[in-house]
Amino acid sequence: MNDKVGSKTVLSYLYVCPTNKRKIMVLTDPEFESSVLISTDEGASFQKYRLSFYVLSLLFHPAEEDWALAYSHDQKLYSSVDFGRKWQLIHEHVTPNRFYWSVAGLDKEPDLVHMEAHMPDGNVQYVTCRAQTCTEANRNYPFSGYVDISSLVVQDDYIFIQVPTSGRATYYVSYKRESFIQIKLPKYSLPKDLHIVSTDEKQVFAAVQEWNQNDTYNLYLSDTRGIYFTLAMENVKTTRGIAGNQMLDLYEVAGIKGMLIANKRQDNQVKTYITYNKGRDWRLLQAPAADLEGNDIHCILPFCSLHLQLQTSENPYLPGTISTKSSAPGIIVATGNIGAELSYNNVGMFISSDAGNSWRAIFEEEHNVWFLDKGGALVAVKQPSVPTRHLWISFDEGRQWTQHSFSSVPLFVDGVLVESGAENQIMTCFGHFSHRSEWQLIKIDYKSIFSRKCTEEDYQTWHLHNQGEPCVMGQKQIYMKRRPGNYCMLGRDYSRILSAESCICRAHDFECDYGYERHSDGNCRPAFWFNPSTVSRSCSQGQNYLNSTGYRKVVLNNCTKGVKEMYTARKQQCPNRPPKGLLLSTKDGKLTANLGSNVTFLVHLDEGDSLRTNIQLDFGDGTAVSYSNLSWTEEGIKHVYKSAGIFRVTALAENVLGYDTTTLFLHVTCPVEHVQLLAPFVVIRNKEVNITAVVLPSHSRTVTYFWWLSNNTEPVVTLDGSISYTFPTEGMHTVTVQVAVANTILQDTRTIAVKEFFKSLLLSFSPNLDEFNPDIPEWRQDVGRVIKKALLQVSDFPEEQLLVAVFPGVPTAAELFLLPHKNQSEGKKKSEEELERASDVIVGALNQNLVEFELKPGVRVIVYNTQLTLAPLVDSSPRHSSSAMLMLLSVVFLGLAVFLIYKFKRKIPWINIYAEVNQEKEQEMIGSVGQGDSTPKITLSEFSTSKELMEKELEARVKRGVGNAYESTREIPNCTSV
């Protein structure tokens with residue numbers, strides 16, 4: 001090549017155009033010069049062009065042979081439309097390997113570029129633009145917010161991003177370039193890491209490492225749109241690659257849709273499983289019946305089976321430890337072992353000719369195996385660690401092998417390039433004779449080993465099946481394949497599938513829908529955290545929605561009739577519902593903003609008719625807006641605050657059936673961090689109670705505490721982390737505390753039940769519950785609801801008078817509260833006696849282990865009475881003053897128990913945490929927005945007075961109609977500004 005490019009030119013990389021093999025681009029070594037050598041005649045001649053940047057990688061367009069993207073050493077992205085002769089800068093700062101060409105049929109412009117670009121302020125955004133006109137004015141931002149670095153994936157019909165969050169990963173997907181929608185994983189998967197495995201079969205395969213996993217991942221499958229994910233397999237093994245990256249032990253078999261092989265870790269063992277219906281059902285691999293010498297192998301399932309290594313090769317010219325080919329369906333060649341678990345000792349080579357139903361041993365040592373002539377022949381070479389002069393070829397799917405010499409000197413084979421075409425059967429071996437020798441290239445023309453071209457008599461039919469079951473993915477599939485042993489060459493028009501007949505739908509053609517789990521009896525039931533009766537807010541009156549039966553058809557399954565109607569979601573009319581589950585947040589998730597900046601508020605409604613629900617938002621600074629329906633707020637509601645302070649932002653959702661409200665307290669110029677509010681769960685009316693805010697981590701500077709007690713509209717401001725308060729009325733009272741530390745703001749909320757008297761019991765659980773406790777508020781709330789349901793099954797005590805509080809920390813513990821009825825007209829003494837009787841019934845059931853619940857399939861949790869309670873009955877009557885000493889002693893004893901738990905187990909901040917009615921909120925970390933370290937001046941008079949709130953409440957009751965579809969702004973009397 002020296003005579004073409006010059007003897008002093010040092011080359012680094014060679015690229016061949018994927019759509020035109022005659023075009024070659026060679027990069028020079030940047031340590032000497034930055035140039036590109038271009039050939040359009042398969043390397044017969046080259047032209048040299050100077051570059052103003054150093055190229056790290058190239059990405060060719062999938063259809064246009066002259067279009068390419070170049071990524072430079074300084075993270076700039078360039079484009080060329082004349083095969084590298086001229087380059088145009090696209091963007092100054094792009095994340096490595098996060099740039100993509102357009103996808104045909106989805107993107108309107110063929111020269112559109114998707115990229116993850118860095119902004120001047122350090123944030124990262126998803127940007128698109130045309131390759132040659134990517135100026136700032138021509139750039140688009142399909143996702144308006146920021147994204148996490150190295151999270152953009154553009155693949156087939158889907159685009160994935162991850163957004164910055166405080167502690168939890170949140171993922172979004174765009175299907176066929178539609179708006180981004182948040183990905184829905186099971187509620188408590190709590191992913192630490194997520195990888196997109198594949199998207200090529202009209203759904204997404206995702207590997208998720210959950211909060212309690214370290215070296216395994218769970219495999220999830222989505223619906224067609226890539227939004228709702230269900231579990232396909234737990235604890236899939238990972239293998240660390242040469243570059244240190246984690247590779248999932250999961251393999252998609254080429255040529256047969258829905259067929260996968262995976263290595264699963266179970267009981268400290270790794271076993272190989274196979275599925276024929278995309279993870280709906282898995283089974284172990286049957287080991288060969290005999291070894292290479294014909295001796296019987298006694299391997300009985302499930303104690304013994306065949307296990308395969310599933311690593312793909314990082315060398316593109318080596319096949320990896322398992323190989324299949326779409327043009328040779330049913331043939332699987334893999335490295336593995338026979339035994340109780342996967343092992344990397346005493347391994348051999350195995351082959352299946354019937355899609356994994358039966359296996360045969362072919363070599364006792366590891367070999368690399370390639371497919372020749374579209375899978376009509378197999379060629380095997382020993383692993384590169386051993387030099388060889390021979391290769392082995394089989395024409396009967398590995399039953400017999402013939403040895404051929406390809407080199408006079410033993411060669412370490414580093415790779416093989418198989419060039420297959422109608423008139424070109426060339427196999428190129430490259431390697432080295434010794435570790436010090438240069439690379440050797442050996443071309444082998446294997447056309448001569450075929451005696452003729454195949455005719456119809458050389459083919460036979462093959463029926464795909466799963467252990468005799470002919471219906472695979474809802475079809476009976478018949479393939480045409482060459483008869484083993486016929487030395488003929490396959491033709492260009494070789495057809496793989498002869499026929500595919502649809503089968504009658506059966507249960508195994510359906511997987512569990514989102515929110516449902518498969519139990520031991522094979523049925524799908526709602527998970528404990530999922531409410532199947534919830535209807536989407538997009539379901540408007542007069543429309544229909546699909547009500548899930550708990551099942552969904554496996555994607556690309558072609559079965560018909562049978563149980564299809566029974567398992568398919570049923571069309572039902574959208575009910576007319578009042579608003580419920582109204583949530584208000586800022587777009588960046590923060591409760592602070594810079595003075596004068598645009599704050600975007602997001603309004604979310606869990607239930608209700610979004611098209612017939614009026615939305616009102618009071619910004620708390622004297623202005624408010626109103627929208628006729630929720631669709632007008634999808635992009636967020638923007639507002640600019642002109643004064644500093646704490647603002648009570650209130651949202652109201654209302655239709656003819658009812659209303660829902662929510663409040664957000666926004667700090668302008670002050671950020672939010674973390675605080676834990678310690679408060680009793682149930683208190684006595686007119687009895688003083690101590691409420692404490694604990695700041696973690698502790699700060700040495702002065703801390704300002706803002707307390708919202710009960711329904712007060714203005715906070716109590718203190719410099720002490722504790723406050724005493726007396727609740728004058730019975731009912732549920734909300735307490736909110738916000739803490740300001742220099743430029744940091746933090747908030748927490750608790751709900752306290754205020755009663756005249758109550759009864760309480762401490763609860764403990766069987767140890768298996770701790771294995772599934774992620775120690776987050778939502779989990780405690782859901783488990784508290786399940787415990788309450790289990791207690792109601794052994795007692796006829798009214799549900800509204802039974803409260804359960806699950807404590808933070810491990811071991812898991814809880815407290816049960818028995819509350820009196822609201823109507824005590826029959827007498828207080830009678831109510832006290834009812835609580836005592838109910839307590840005795842529940843304690844009796846707990847002592848007999850009659851209270852239990854199922855957390856997930858196969859996991860039952862028993863609830864126990866710890867026999868450590870507060871005073872037998874707590875009330876505010878003066879005649880019970882004699883029991884004060886008893887209550888004091890009980891509290892002291894309880895305090896000692898809590899201290900022991902704290903000392904030897906894990907700190908429990910407060911033993912009275914109400915999980916049944918308290919909507920615990922996850923803490924949000926918010927950065928500083930101030931310009932200095934001094935605490936900014938805060939105005940508390942920004943809040944509306946009680947009279948104003950009453951006027952707005954009365955106004956909301958009068959307005960029951962649906963407003964006009966436009967934004968209206970009304971002025972509220974302005975508060976004092978800073």
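What is the volume of the second largest pocket? We will reach that pocket partway through this tour; its volume is about 1400 Å³. Before you start clicking, please keep in mind that this is a predicted model.

**Stop 1: the whole chain**

Begin with everything in view. The chain has 978 residues, and 51% of them count as buried. Colour by secondary structure and you will be looking at six helices and 71 strands. Now think about who touches whom: taking contacts between residues at least 6 apart in sequence, 55% join residues at least 24 apart.

**Stop 2: a sheet of four strands**

Next, select residues 11–16 and 47–50. These are strand E1 and strand E4, the edge strands of a sheet, and each of them pairs on one side only. Add the strands in between and you can follow an open sheet in the order E1-E2-E3-E4, with antiparallel pairing. Strands of a sheet pair through backbone hydrogen bonds, so showing the backbone is a good choice here. From one strand to the next, the twist averages 20°.

Zoom in on the middle of this sheet by selecting residues 24–28 and 35–39. They are E2 and E3, and four bridges hold this antiparallel pair. Which residue of E3 is the bridge partner of Met25? Click on Ile38 to find the partner.

**Stop 3: a serine with a positive phi**

Move along to Ser150. You will find Ser150 in the loop between strand E11 (124–130) and strand E12 (153–155). Its phi is about 60°, a positive value, although this residue is not a glycine. Why is that worth a click? Most residues other than glycine have a negative phi, and most peptide bonds are trans. Is Ser150 buried or exposed? Neither: Ser150 counts as partly exposed because its relative accessibility is 37%, which falls between the 20% limit for buried and the 50% limit for exposed.

**Stop 4: the second largest pocket**

Now for the pocket from the opening question. Select Leu231, Glu234, Glu517, Lys856 and Pro857: among the 47 lining residues, these lie nearest the pocket's centre. Which strand gives the most to this lining? That is E19, with seven residues. To see E19, select 229–240; other strands that supply at least two lining residues include E18 (216–222), E22 (260–266) and E68 (852–856). If you colour the lining of the second largest pocket by class, you will get 22 nonpolar, twelve polar and 13 charged residues.

**Stop 5: two cis peptide bonds**

Go to Leu301 and Pro302. The peptide bond from Leu301 to Pro302 is cis, with omega near 0°. Pro302 sits in the loop between strand E24 (283–284) and strand E25 (305–308).

For another cis bond, jump to Val810 and Pro811, where omega is about 5°. Pro811 belongs to the loop between strand E66 (802–806) and strand E67 (813–818).

**Stop 6: the largest cavity**

Select Ile331, Gly375, Glu397, Lys481 and Arg482. Of the 19 residues that line the largest cavity, these are the closest to its centre. The space inside the largest cavity is about 170 Å³. Show residues 475–482 as well: this is strand E40, which gives the most to the lining of the largest cavity, with four residues. By class, the cavity lining holds ten nonpolar, three polar and six charged residues. How many cavities of 30 Å³ or more are there? The count comes to five.

**Stop 7: Val716 and its surroundings**

Now select Val716, in strand E61 (residues 716–718). With a relative accessibility of 34%, Val716 counts as partly exposed. Show Phe706 too: ten residues apart along the chain, Val716 and Phe706 have C-alpha atoms separated by 5.7 Å. Leaving aside neighbours within four places in sequence, the contacts of Val716 are Tyr705, Phe706, Trp707, Leu709 and Ile723.

**Last stop: Asn849**

Finish at Asn849, in the loop between helix H4 (828–847) and E68. Like the serine at Stop 3, Asn849 is a residue other than glycine with a positive phi, here near 60°. Asn849 is partly exposed, since its relative accessible area is 38%. The neighbouring strand name may look familiar: E68 is one of the strands that help line the second largest pocket.

Technical notes:
Residues numbered from 1 in each chain as written. Predicted model: local features only at pLDDT ≥ 70, side-chain atom pairs only at ≥ 80, totals over all residues. Heavy atoms only, no water. Pairing = 2+ DSSP bridges. Axes fitted to C-alpha atoms, helices over the stretch in contact; angles between N-to-C directions. 1 Å grid on protein atoms, 1.4 Å probe; cavity = no way out; pocket = protein on both sides within 12 Å on 5 of 7 lines; lining within 4 Å. Points joined across faces, edges and corners; volume = space filled by probe spheres on them. Nonpolar A, V, L, I, M, F, W, Y, C, P; charged D, E, K, R; others polar. Buried < 20%, exposed > 50% of the residue type's maximum accessible area, 1.4 Å probe, protein only. Contact = heavy atoms within 4.5 Å.
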